[in-house]
Amino acid sequence: MPASPHHDPFAHRLGRRAVTLTHLDPEAPLDDLEPLRGIIGAARVVAIGENSHFITEFSHLRQRILRFLAERCGFTVLAFEYGFSEGFPLDAWARGQGTDDDLRAHLAETIPVGVEEPLRWVRRHNAAAARPVRFAGIDIPAAGGSLLPALAPVADYLRRIDPETLPVLQEAMRIAGSFAGASAASAAPAWTRLTAAEQDALSAALTRLLIRFRSLEPLYVSRGERHDYDVALRRLEGACHADHGFRAMAGLYAGDGLTADTSARDAYMAGSLLWHLERLAPGTRVVLAAHNAHIQKEPISFNGRLTGFPMGHYLHRALGDDYFALGLTSTAGHTADMRPDEDARFGFAVEDTVLQPPEPGSVEAAFADAGLGLAVADLRRMRAEAPGDAGHSPGPDRIRIQSAYVHTPVLEAFDGVLNVPVSTVAGDAGAGAP
């Protein structure tokens with residue numbers, strides 16, 4: 001891609017420091033990815049983002065990077081922007097349980113955000129690998145679409161451990177079932193149509209259950225296994241965070257929400273990743289796949305108002321340089337804009353949208369100005385070099401989200417950025433359509 005006539009000192013440095021990659025094919029040789037070894041260093045968690053779901057090139061790159069990190073760098077866990085509760089059967093499948101065809105049944109009701117092909121690769125890899133790769137879900141249940149994937153197994157747990165408490169949970173499940181959807185895009189509008197009494201009854205029941213779980217930990221553990229208690233508690237916490245999310249989103253759209261109230265989902269995702277890390281062997285390294293807006297380390301603001309803290313912010317605070325955020329973006333092509341549509345299967349329709357030329361001041365414009373195509377930039381190194389570079393600039397102040405831009409100090413929000421010259425919308429993105 002030819003450079004623009006606009007002179008940007010950051011783009012000049014980017015052109016000197018970025019590493020050009022050769023392949024997009026997930027099955028292609030991995031030698032061109034070797035520079036990533038030095039870029040990520042000793043990081044224990046490497047997050048691979050995307051500026052939009054449903055993009056073919058991002059899915060291919062994530063799978064290639066997963067292969068590289070597993071086969072050459074010793075990473076043994078794939079964590080995904082996928083329900084914590086729903087992740088356990090996928091982990092069992094990835095480690096060889098059931099048949100190859102069972103995966104479609106597991107994923108039948110979930111948004112096709114790119115988890116299927118990495119899981120199939122993990123299962124193939126594990127069939128012969130000396131060090132198998134585990135799968136870990138980290139998200140709230142059904143991406144906020146339903147509390148039931150978390151509450152149903154909690155009910156099974158209580159039948160064994162504390163049957164006295166079942167009526168409280170069953171009441172919560174009754175209310176949750178009345179507005180359950182396939183995603184937050186369909187469930188959130190249905191939640192707003194509940195009466196205030198039902199909304200409050202659901203929150204009260206979940207809070208009562210959570211406090212009881214935590215208060216009776218010694219009793220619960222004495223009646224069962226420690227691991228079962230830990231999983232059930234984390235599932236219940238996921239339902240509580242999702243319930244809070246409905247109130248936060250309603251307030252955001254009404255214009256009277258509390259500052260940064262939408263942070264609950266990302267706080268839960270970060271906590272879930274740390275939950276898994278605490279239970280893995282020391283030194284275990286994790287590949288984390290999620291949207292750029294979740295993996296970035298800087299708070300998210302719109303129109304100058306703090307909207308929320310992303311998962312990456314919490315992980316960076318907890319892990320420091322052991323957390324590495326690699327954003328994926330594109331200079332040109334098409335993207336998948338998601339338009340709310342309650343009649344669509346997942347509560348939104350996917351619109352194949354042509355990308356406009358990059359905005360001045362964006363990281364995409366810097367890649368274009370530097371004449372770079374498929375390339376990765378080591379932003380940690382560029383941050384370190386900047387104070388001693390007389391010609392340095394503060395760096396880009398925005399990055400794409402779908403066809404729009406979010407304002408963020410890119411050098412601080414990400415540790416690396418991988419640019420795709422042309423992006424295309426995946427063929428199954430229409431699964432969100434009616």
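**Salt bridges, a core strand, helix H15 and a pocket**

Glu71 and Arg67 lie 4 residues apart in helix H3, which means that about one helical turn separates them. Helices (H or I, at least four residues) and strands (E, at least two) are DSSP runs numbered from the N terminus. The model is predicted, so local features need pLDDT of at least 70 and side-chain atom pairs count only at pLDDT 80 or more, while totals for chains, interfaces and linings use all residues. Residues are numbered from 1 along each chain as its sequence is written, and side-chain values use heavy atoms, with hydrogens and water left out.

**Salt bridges**

- The count comes to 33 salt bridges, each being a side-chain nitrogen of Lys or Arg within 4 Å of a carboxyl oxygen of Asp or Glu.
- In helix H3 (56-73), the side chains of Glu71 and Arg67 form a salt bridge with an N to O distance of 3.7 Å.
- Glu71 is partly exposed at 43% relative accessibility, whereas Arg67 is buried at 9%; buried means under 20% relative accessible area, exposed over 50%, and partly exposed in between (1.4 Å probe, protein chains only).
- Asp91 and Arg95 are joined through their side chains by a salt bridge of 3.1 Å, N to O.
- Of these partners, Asp91 is buried, with a relative accessible area of 4%, and Arg95 is partly exposed, at 48%.
- A salt bridge of 3.2 Å, N to O, links the side chains of Asp230 and Arg226.
- Arg226 is partly exposed at 41% relative accessibility, whereas Asp230 is buried, with a relative accessible area of 11%.
- Helix H12 (residues 226-254) holds both Asp230 and Arg226, set 4 residues apart, about one turn of the helix.
- Salt bridges with shared partners connect Glu217, Arg226, Asp230, Glu278 and Arg279 in one network.

**Strand E3 and its partners**

- Strand E3 (residues 77-83) is mostly covered, with 7 of its 7 residues buried.
- E3 and E4 run parallel and are joined by 5 bridges; two strands pair if DSSP finds at least two bridges between them.
- Ala136 in E4 is the bridge partner of Ala79.
- E3 and E5 also run parallel, joined by 4 bridges, and Val77 stands opposite Val286 in E5.

**Helix H15**

- Met311, Gly312, His313 and Leu315 are buried in helix H15 (residues 311-319).
- The buried residues of H15 pack against strands E4 (134-139), E5 (286-289) and E8 (323-340), and against helices H13 (264-279) and H14 (292-295), where contact means heavy atoms within 4.5 Å.
- Gly320, just after H15, has a positive phi of about 60°.

**Second largest pocket**

- The second largest pocket holds about 510 Å³ of space.
- Pro112, Val113, Gly114, Glu116 and Asp428 are the closest to its centre among the 24 residues that line the second largest pocket.
- A pocket is an open set of points on a 1 Å grid over the protein atoms alone where a 1.4 Å probe fits, with protein on both sides within 12 Å along at least five of seven lines; lining residues have an atom within 4 Å of a point.
- Grid points are joined across faces, edges and corners, and the volume is the space filled by probe spheres set on the points.
- Helices H3, H5 (102-107) and H6 (116-128) each supply at least two residues of the lining, and H3 gives the largest share, 5 residues.
- The lining has 12 nonpolar, 6 polar and 6 charged residues; Ala, Val, Leu, Ile, Met, Phe, Trp, Tyr, Cys and Pro count as nonpolar, Asp, Glu, Lys and Arg as charged, and the others, Gly among them, as polar.
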